[in-house]
Protein chains: 2
Amino acid sequence: MQAQQKIHEWLEANRHRGIRFLQQLVQEGSTRGNESSAQAVIIEKCRKLGLVLDIWEIGKDHLIEHPAFCSDRKDFAGNPNVVAILKGTGGGKSLILNGHIDVVPEGDRNDWEYDPFSGRIENGKLYGRGSTDMKGGTVSLLLAMEAIISLRIKLRGNVIFQSVIEEESGGAGTLAAVLRGYTADGAIIPEPTNMKLFPKQQGSMWYRITVKGRSAHGGTRYEGVNAIEKAMVVISKLQELEKTRNNKITDPLYSQVPIPIPINIGKINSGEWPSSVPDIAVIEGRMGVAPNEEMKSAEQELEVCLKEAAESDSWLKKNPPKVEWFGGRWLPGDLDENHPLMSILAKSFEAVKGKQPIVEASPWGTDGGILSKTGNTPVVVFGPGVTKAAHDVNEYIIIQEVFETAEIIALAIMEWCGTN
Amino acid sequence: MQAQQKIHEWLEANRHRGIRFLQQLVQEGSTRGNESSAQAVIIEKCRKLGLVLDIWEIGKDHLIEHPAFCSDRKDFAGNPNVVAILKGTGGGKSLILNGHIDVVPEGDRNDWEYDPFSGRIENGKLYGRGSTDMKGGTVSLLLAMEAIISLRIKLRGNVIFQSVIEEESGGAGTLAAVLRGYTADGAIIPEPTNMKLFPKQQGSMWYRITVKGRSAHGGTRYEGVNAIEKAMVVISKLQELEKTRNNKITDPLYSQVPIPIPINIGKINSGEWPSSVPDIAVIEGRMGVAPNEEMKSAEQELEVCLKEAAESDSWLKKNPPKVEWFGGRWLPGDLDENHPLMSILAKSFEAVKGKQPIVEASPWGTDGGILSKTGNTPVVVFGPGVTKAAHDVNEYIIIQEVFETAEIIALAIMEWCGTN
């Protein structure tokens with residue numbers, strides 16, 4: 001029997017256990033700062049698989065001084081990074097399999113049909129915050145490794161599984177793993193690509209814009225300047241900037257993406273008192289960065305846009321909005337579409353799905369930028385689940401895709417690392 | 001020597017003490033829930049004046065069940081209302097002198113030139129949160145009473161001085177005073193009218209509008225619906241409604257007021273995460289109500305406006321914004337311009353200032369609505385300070401106006417209550 005057939009059958013035979021494992025991971029809600037119990041589930045699994053474990057609290061190894069470090073936290077105690085290595089016999093290429101364990105907040109629980117941390121299964125879908133982004137992908141990685149181990153397939157190169165924290169907030173977990181020495185000949189990150197191959201990843205960074213007004217009694221509001229109204233001027237300009245920037249994107253990999261590098265307006269806070277004219281408004285959001293763009297150049301475009309907004313309004317001219325670049329920051333990634341890791345993944349995909357994969361550029365940043373730029377490791381992002389479901393209410397993953405991805409990745413591991 | 005001359009000279013002679021008293025009141029910052037130490041200053045003064053004191057924690061007397069009760073608090077312990085009565089000899093008309101002790105929050109302290117609770121004096125102005133709204137006016141009342149008492153002028157009617165809490169949040173303090181039995185033949189409220197006479201007061205009420213979006217990852221924001229963008233649609237509609245409503249105001253008393261019944265956008269909060277599309281936005285503000293308008297009818301106009309906003313947008317059509325009427329609620333007041341209290345105040349004004357007062361309708365609500373509607377007490381709002389400075393940074397009051405107002409009110413008291 002061919003290796004692929006064996007892996008396929010192993011995955012079929014272990015389907016129930018695999019689903020239960022994913023369910024357990026989702027049930028251990030791992031919003032930022034609360035990742036430890038989900039990491040404990042990962043650690044237990046890796047221990048059972050006999051992997052060489054490295055569990056550490058990040059924040060050392062000059063992490064915080066590194067130029068690519070980006071976090072509003074400096075203390076990460078209590079929620080470790082996990083690396084688990086399947087040692088090869090030697091002579092093969094090494095492969096990092098990277099998943100993040102942190103999930104974004106669940107939002108308004110009343111909007112969820114089921115408890116956001118239930119892991120409930122309906123019609124072949126498993127529901128819950130983090131199911132798609134990206135515990136489903138992480139489970140695909142571990143199933144692929146477990147299949148190889150269980151079938152006693154001997155690899156030549158090392159497989160370095162990583163379950164990192166802080167991806168949603170700037171990638172400090174993956175950066176810490178790089179600084180700890182974990183680099184490789186290639187890497188796969190199974191973020192929810194809807195099983196498309198993403199050799200390029202959009203970078204992104206967070207901005208905070210502060211808009212001043214002048215307070216007054218709401219009953220004579222014409223004597224003040226409403227910071228919310230002025231923030232609306234700024235938001236309109238950001239919407240224009242988004243259009244201009246996206247019109248410049250010509251990479252055919254983005255041809256199916258409505259807005260390749262979005263500028264998201266993520267938060268606004270203004271005002272303390274219904275009867276007062278608010279004197280300050282703070283807008284926070286995320287700016288997409290093209291794969292081949294410098295972070296600095298994107299920053300400058302937004303800064304110029306704010307200058308233009310200020311020029312368009314007599315109040316803003318005297319009280320120009322200010323921008324800070326804070327918190328999350330993800331470097332873009334830009335792998336050649338013909339890189340061998342791409343070819344191997346495409347071949348494995350075809351073997352499992354009977355058709356060629358769709359190749360696109362990711363509409364969002366991942367830890368791939370840090371792995372490739374600071375770790376010099378070629379990265380392909382490829383995983384189960386749809387981006388649409390990530391960060392949304394009623395987040396879910398189609399269970400079948402988790403297993404198909406596991407099979408494809410198992411084949412790619414064997415091909416990339418080599419077998420004895 | 002004429003009574004006016006004596007009062008004028010007494011106020012001149014006691015100018016320094018009066019200023020020091022105002023300074024002390026401003027220094028006892030009395031934002032909501034923290035009124036007790038400023039009330040202690042008031043109580044001490046009233047005790048020295050030999051007034052009959054009534055100090056009580058509001059919330060009893062069926063206050064909370066009263067239809068005009070409007071507050072998001074139900075427990076007011078620790079910050080009492082103060083009423084202090086100068087008993088007349090009988091046979092005269094009674095007069096309520098009403099000031100509120102609560103002040104709005106100071107906002108961003110960095111925007112203040114001086115500490116917002118310093119009471120600092122520069123060029124004849126006294127600075128600080130509450131100086132204009134309305135501790136300056138309260139000091140005018142107490143100076144007027146102190147002058148009359150010190151000069152041993154015997155009044156026939158009672159003067160009922162009130163220092164109430166909660167004016168900025170819906171008037172529960174004044175309502176509690178009414179329910180305790182404090183009504184009178186007339187009332188003066190020295191809110192900052194810039195020494196104009198306001199026989200009519202605008203009512204107002206707070207609204208909270210909730211706008212739904214649909215969350216998504218910011219990198220594929222086109223798959224979500226941004227609640228902030230939808231909130232901007234709603235805000236634009238509120239701006240249109242404000243225009244329509246104000247175009248209908250024909251009362252000549254409002255001819256000098258740019259926006260007689262404003263709709264203030266006081267707060268907006270939306271979003272939890274810069275990289276997510278926000279799924280909910282909450283707008284809070286204050287809607288002005290015309291003197292002769294029913295509160296209910298104003299509510300309905302805003303509700304219809306939201307329906308129109310929903311009709312204008314396919315997402316909002318399916319997810320209509322919702323409004324709640326919460327917190328502050330001030331009944332409008334509508335006194336005849338030829339009421340005797342108006343004539344007496346106008347005459348006193350002319351005696352002191354040598355010119356006729358300006359008569360306008362107030363661009364904001366006061367406790368006058370409660371006093372007149374639930375207490376059946378005719379109210380004129382007249383006081384030192386400009387509305388523009390109220391609720392603003394660097395709030396100040398022109399000290400000279402405090403003393404001029406004290407003199408005018410002292411004359412009006414004698415005329416209204418009668419002297420022996």
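**Exercises: a three-stranded sheet and a two-fold pair**

In chain B, strand E5 (residues 125–127) is joined to E16(B) by three bridges, and the two run antiparallel. Strands here are DSSP runs of E with at least two residues, helices are runs of H or I with at least four, and both are numbered from the N terminus. This is a predicted model: local features need pLDDT of at least 70, side-chain atom pairs count only at pLDDT 80 or more, and totals for chains, interfaces and linings use all residues. Residues are numbered from 1 along each chain as its sequence is written, with chains lettered from A and ligands numbered from 1 in the order in which they are written.

**Exercise 1.** Work out the strand order of the open sheet in chain B, and what packs on it.

*Step 1.* Start from B:Leu126, whose bridge partner in E16(B) is B:Ile397.

*Step 2.* Add the third strand: the order is E4-E5-E16, with antiparallel pairing (pairing takes at least two DSSP bridges). E4 (121–122) and E16 (396–398) are the edges, each pairing on one side only.

*Step 3.* Now the helices. H4 (residues 131–150) of chain B lies across E5 and E16, at about 40° to E16(B). H11 (residues 399–417) of chain B packs on the sheet too, touching E5 and E16, with its direction at about 60° to that of E16(B). Contact means C-beta atoms, placed from the backbone, within 7 Å; angles run from 0 to 180 degrees between N-to-C directions, with axes fitted to C-alpha atoms, for helices over the stretch in contact.

**Exercise 2.** Find the relation between chains A and B.

*Step 1.* Superpose chain A on chain B: a rotation of 180° with 0.0 Å of shift along its axis does it, RMSD 0.0 Å (least squares on C-alpha atoms of residues with pLDDT of at least 70 in both). That's the relation of a two-fold axis.

*Step 2.* Locate the axis: A:Asn269 is the residue of chain A closest to it, at 2.3 Å (C-alpha).

*Step 3.* Check the interface: 100% of chain A's interface residues are also interface residues in chain B, so the copies meet through the same surface.

Key:
Two residues are in contact if their C-beta atoms, placed from the backbone, lie within 7 Å.
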